[in-house]
Amino acid sequence: QVQLEESGGGSVQTGGSLRLSCVTSGYSDSAYYMGWFRQAPGKEREGIAAMTPGGGRLYFAASVKGRFSISVDNAKNTVYLQMNSLQPEDTAMYYCAAARSISRDIWILRTDEYQYWGQGTQVTVSS
């Protein structure tokens, strides 16, 4: 059974950094597409970062490009989201997700492409 568990959220001030972790079980990270998503109150869930199986290609939403990075440690079955230069608009619940396949790579940040989701971890950025 595929399971995902996020951690590392918290409260930081503008300009701060956080690293989120997503521990996976029930499958190999290297065989799945992995993505990070976020949902702010009253807004739809949006994809912000994703990688193809094994981390060969990385994709980022324009809103986080240059500030966030995604990586994987296969030995620890963990996917990371490093977030730098955080802004109040980054405040949201953050989720990791996994997909066995993606219809088209250009859709890699679409929520409906992912079958497995964690419970989320809250990130709050204060000004």
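Cys96 is buried in this predicted model. Its relative accessible area is 0%. Cys22 is buried too, with a relative accessible area of 0%. A disulfide joins Cys22 to Cys96, with an S to S distance of 2.0 Å. A search of the whole structure finds 1 disulfide. Cys22 lies in strand β3, residues 18-25, and Cys96 lies in strand β9, residues 92-99. The pair therefore ties together parts that are 74 residues apart in sequence. What is the handedness of the disulfide of Cys22 and Cys96? The torsion about the S-S bond is about 55°, so the disulfide is right-handed.

Now follow β3 outward from the cysteine. Strand β1 covers residues 3-7. The strands β1 and β3 run antiparallel and are joined by 5 bridges. Glu6 stands opposite Cys22 in β3. Strand β3 also pairs with strand β8, residues 78-83. Here 6 bridges join the two strands, which again run antiparallel. Leu18 has Met83 in β8 as its bridge partner.

Next comes the other cysteine strand. Strand β9 pairs with β11 in the antiparallel sense, over 3 bridges. Tyr94 stands opposite Thr121 in β11. Strand β11 spans residues 121-126. It also pairs with strand β2, residues 10-13, but in the parallel sense, over 4 bridges. In that pairing, Val12 has Val125 as its bridge partner. So β11 has an antiparallel partner in β9 and a parallel partner in β2.

Which residues of β11 make up the covered face, and which the uncovered one? The covered face holds Thr121, Val123 and Val125. The uncovered face holds Gln122, Thr124 and Ser126. Two of these covered residues have already appeared. Thr121 is the residue opposite Tyr94, and Val125 is the bridge partner of Val12.

Turn to the aromatic rings. A search of the whole structure finds 5 aromatic pairs. One of them joins Phe37 and Trp117. The ring centres are 4.8 Å apart, and the planes meet at 55°, a tilted arrangement. Phe37 lies in strand β4, residues 33-39, and Trp117 in strand β10, residues 116-117. The pair therefore ties together parts that are 80 residues apart in sequence. Are the two partners buried or partly exposed? Phe37 has 0% relative accessibility and counts as buried. Trp117 has 26% and counts as partly exposed; the limit for buried is under 20%.

Trp117 has another partner in Tyr95. This pair is edge-to-face, with 6.5 Å centre to centre and 80° between the planes. Tyr95 lies in strand β9 and Trp117 in strand β10, so the pair ties together parts that are 22 residues apart in sequence. At 12% relative accessibility, Tyr95 counts as buried. Phe37, Tyr95 and Trp117 belong to one aromatic cluster, together with Tyr114.

Charged side chains also meet aromatic rings. Which residue lies over the face of Tyr95? Arg45 does, at 3.7 Å from the ring centre. Tyr95 thus has Trp117 as an edge-to-face partner and Arg45 over its face. A further case involves Arg104 and Trp107. The charged end of Arg104 sits over the ring of Trp107, 5.6 Å from its centre.

Finally, step back to the whole chain. How many helices and strands does the protein chain have? It has 0 helices and 11 strands. Read along the sequence, the pattern is β-β-β-β-β-β-β-β-β-β-β. Among contacts between residues at least 6 apart in sequence, 60% join residues at least 24 apart. The disulfide, for its part, ties together parts that are 74 residues apart.

Buried residues make up 42% of the 127 residues in the protein chain. Along its principal axes, the C-alpha trace spans about 40 × 30 × 25 Å. The radius of gyration is 13 Å. A compact globule with 127 residues would have a value near 14 Å, so the chain agrees with that expectation.

Technical notes: Residues numbered from 1 in each chain as written. Predicted model: local features only at pLDDT ≥ 70, side-chain atom pairs only at ≥ 80, totals over all residues. Heavy atoms only, no water. Disulfide = S-S within 2.5 Å. Buried < 20%, exposed > 50% of the residue type's maximum accessible area, 1.4 Å probe, protein only. Pairing = 2+ DSSP bridges. Phe/Tyr/Trp six-rings, centres within 6.5 Å; stacked < 30°, edge-to-face > 60°. Lys NZ or Arg CZ within 6 Å of the ring centre and 35° of its normal. Rg over C-alpha atoms; globule rule 2.2 N^0.38 Å. Contact = heavy atoms within 4.5 Å.
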